Amino acid sequence: MAFAFRIDRSSGVPSYVQIVQQVQQALRLGQLEPGDRLPTARAVVEATALNPNTVLKAYRELESQGLVETRRRHGTFITGTLGTSSGDSPWRAELADVAARARAAGLEREDLAALFTAVVEDLYSSKEPDVVPHQQS
């Protein structure tokens with residue numbers, strides 16, 4: 001599979017962190033799997049105009065997380081996994097519908113991302129169980 005990085009220089013997020021996050025997201029969505037090869041550092045540098053040390057820093061970070069292994073003269077390969085969601089999950093279709101409605105209502109990408117992040121943080125930081133109590137009539 002050909003995997004390409006997208007670097008947003010205006011995001012305020014360091015480029016090496018963007019690379020790490022993109023690999024993590026691809027793993028969570030099943031777009032990358034153990035055995036897949038990441039682009040060479042040289043190919044990433046050529047495609048993104050990043051400093052080679054930036055790309056190598058990202059790959060070292062991924063390696064320290066146990067997600068990739070660099071094999072000298074052979075490349076960097078995915079060795080770990082994250083999450084269980086796949087790209088064709090029914091949740092993706094449901095979230096796509098919500099995102100489309102939000103966009104039609106005038107929300108910008110950043111607004112929707114911030115709102116979704118806030119909702120997820122509220123839900124997962126709660127000490128309460130994720131159970132809705134049954135109400136008697």
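The paragraphs below lead through a predicted model, beginning with a pair of helices and ending with its salt bridges.

A good place to start is the pairing of helix H1, which covers residues 15-28, with helix H3, which covers residues 52-64. The axes of H1 and H3 lie 8 Å apart, and the two helices pack at an angle of about 45°. An angle of this kind falls outside the ranges that count as roughly parallel (under 35 degrees) and roughly perpendicular (65 to 115), and H1 and H3 are therefore described as oblique to each other. The way in which H1 passes H3 is a right-handed crossing. On the side of H1, the contact is made by Ser-15, Tyr-16, Ile-19, Val-20 and Val-23, while H3 contributes Thr-54, Val-55, Lys-57, Ala-58, Tyr-59, Glu-61 and Leu-62. When the residues of this contact between H1 and H3 are sorted by character, 8 are nonpolar, 2 are polar and 2 are charged.

Staying with helix H3, the reader can also find Leu-56 there. Is Leu-56 buried or exposed, or does it fall in between? Its relative accessibility is 35%, so Leu-56 counts as partly exposed, given that buried means under 20% and exposed means over 50%. Leu-56 and Val-45 are 11 residues apart along the chain, and a distance of 9.9 Å separates their C-alpha atoms.

The next step concerns charged side chains. Side chains of opposite charge can pair when their charged atoms come close. How many salt bridges does the model contain? The count comes to 2 salt bridges, taking a side-chain nitrogen of Lys or Arg within 4 Å of a carboxyl oxygen of Asp or Glu as the rule.

One salt bridge joins the side chains of Glu-69 and Arg-71, with 2.8 Å from N to O. Glu-69 has a relative accessible area of 36%, which means that it is partly exposed, and Arg-71, at 36% relative accessibility, counts as partly exposed as well.

Another salt bridge joins the side chains of Arg-101 and Asp-97, where the N to O distance is 3.1 Å. Both residues belong to helix H4, which covers residues 90-104, and because Arg-101 and Asp-97 are 4 residues apart in this helix, about one helical turn separates them. Arg-101 is exposed, since its relative accessible area is 52%, whereas Asp-97, at 40% relative accessibility, counts as partly exposed.

Notes. Residues are numbered from 1 along each chain as its sequence is written. This is a predicted model: local features need pLDDT of at least 70, side-chain atom pairs count only at pLDDT 80 or more; totals for chains, interfaces and linings use all residues. Side-chain values use heavy atoms; hydrogens and water are left out. Axes are lines fitted to C-alpha atoms, for helices over the stretch in contact, and angles run from 0 to 180 degrees between N-to-C directions. Angles under 35 degrees count as roughly parallel, over 145 as roughly antiparallel, 65 to 115 as roughly perpendicular and the rest as oblique. A crossing is left-handed if the near helix is turned anticlockwise from the far one by less than a right angle, and right-handed if clockwise. Contact means heavy atoms within 4.5 Å. Ala, Val, Leu, Ile, Met, Phe, Trp, Tyr, Cys and Pro count as nonpolar, Asp, Glu, Lys and Arg as charged, and the others, Gly among them, as polar. Buried means under 20% relative accessible area, exposed over 50%, partly exposed in between (1.4 Å probe, protein chains only).
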